[in-house]
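Student: I would like a close look at one part of this model, followed outward into the parts around it. Please keep to what the coordinates support.

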Amino acid sequence: MHIDNITNKINGELQNYVRNGLKLYICKDDNYNVYMFTIVLDEIMLNNHWENIQNKVALDFQSNLEKEIELWNIYIIFFIENEIKEKELKYKIENNHYCARKILIDNIGDIKNDEEKIKLQISKKLFDIKIPEPTVAKSIDALESEINLIDPRLTNLNQINNLIKQYKD
């Protein structure tokens, strides 16, 4: 997916945060757009400003969207330069469902001016879905061996079923 920076489309009081590094990215699909706000903060600034940022996104941006699907495809990604020490804060923010999904990526270093790194992190977090190839067993014995590696109790169930079947016969 292609991600574009459209920070120049930010209006209202959100402009105050643009001066402090807030950026807006868009990922266009055929029928709708996904919007991603990003900002690099330290933990203290995050604690003091995350709610205000989300409220301004809701008021100045989300309220102007017309497509229902776009209302629910807004992300606010907080990049934290160092590791977050207050894990409860991270949990509280990421589990807050008002306005947008909030994502915290900590211990990221200084990426304020690195557009490509920011886009890469967005892409990795939101769009890179890795689905493993299914394995196909070549024989019953091979399948039983794979099952045994996962959980030996499962192959014991098969052996118990065989004993029951033999006893009934």
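Student: Where in the chain is the place of C99?

Tutor: The model is a predicted one. C99 sits in the loop between α4 and β5, the latter being residues 101-105. Its backbone has a phi near 75°, a positive value in a residue other than glycine. The relative accessible area of C99 is 7%, and C99 counts as buried because the cut-off for that class is under 20%.

From C99 one can step across to S63, 36 residues away in sequence, with a C-alpha to C-alpha distance of 9.6 Å. S63 is also a loop residue, placed between α2 and α3 (68-71). Its relative accessible area is 48%, and it is therefore partly exposed, whereas C99 is buried.

The two loops lead to two helices that can be examined together. α4, residues 87-94, packs against α2 at an angle of about 35°, and the axes are 11 Å apart. The crossing of this pair is left-handed. On the α2 side the contact is made by E43, L46, N47 and W50, and on the α4 side by L89, K92 and I93. Sorted by class, these residues comprise 4 nonpolar, 1 polar and 2 charged. N47 is the polar one, because only residues outside the nonpolar and charged lists count as polar.

Helix α2 covers residues 43-61, and its residue F61 takes part in an aromatic contact with Y35 of strand β3, residues 33-41. The chain has 2 aromatic pairs in total. In the pair of Y35 and F61 the ring centres are 4.9 Å apart and the planes stand at 75°, so the geometry is edge-to-face. The partners are 26 residues apart and link distant parts of the chain. Both Y35 and F61 are buried. F61 also pairs with F37, with ring centres 5.1 Å apart and planes at 85°, so this pair is edge-to-face as well. F37 belongs to strand β3 and F61 to helix α2, so the contact ties together parts 24 residues apart in sequence. F37, like F61, is buried. Taken together, the ring pairs join Y35, F37 and F61 into a cluster.

Helix α2 also holds L59. L59 is exposed, at a relative accessible area of 55%, whereas F61 is buried. L59 lies 46 residues from E13 in sequence, yet their C-alpha atoms are 9.1 Å apart.

The chain as a whole gives the setting for these details. There are 7 helices and 5 strands, and from the N terminus the order is β-α-β-β-α-α-β-α-β-α-α-α. Of the 169 residues, 37% are buried, C99 being one of the buried residues. Of the contacts between residues at least 6 apart in sequence, 63% join residues at least 24 apart. The ring pair of F37 and F61, at 24 residues apart, shows a separation of that kind. The chain exposes about 11,600 Å², of which carbon and sulfur atoms supply 50%.

To return to the starting point, C99 is a buried residue in the loop between α4 and β5. The helix before that loop, α4, packs on α2, and α2 in turn carries F61, a member of the ring cluster with Y35 and F37.

Notes. Residues are numbered from 1 along each chain as its sequence is written. This is a predicted model: local features need pLDDT of at least 70, side-chain atom pairs count only at pLDDT 80 or more; totals for chains, interfaces and linings use all residues. Side-chain values use heavy atoms; hydrogens and water are left out. Helices (H or I, at least four residues) and strands (E, at least two) are DSSP runs, numbered from the N terminus. Buried means under 20% relative accessible area, exposed over 50%, partly exposed in between (1.4 Å probe, protein chains only). Contact means heavy atoms within 4.5 Å. Accessible areas come from the Shrake-Rupley method with a 1.4 Å probe; for residues, only the protein chains shown count as cover. Rings of Phe, Tyr and Trp (its six-membered ring) pair if their centres lie within 6.5 Å; planes under 30 degrees apart count as stacked, over 60 as edge-to-face and the rest as tilted. Axes are lines fitted to C-alpha atoms, for helices over the stretch in contact, and angles run from 0 to 180 degrees between N-to-C directions. A crossing is left-handed if the near helix is turned anticlockwise from the far one by less than a right angle, and right-handed if clockwise.
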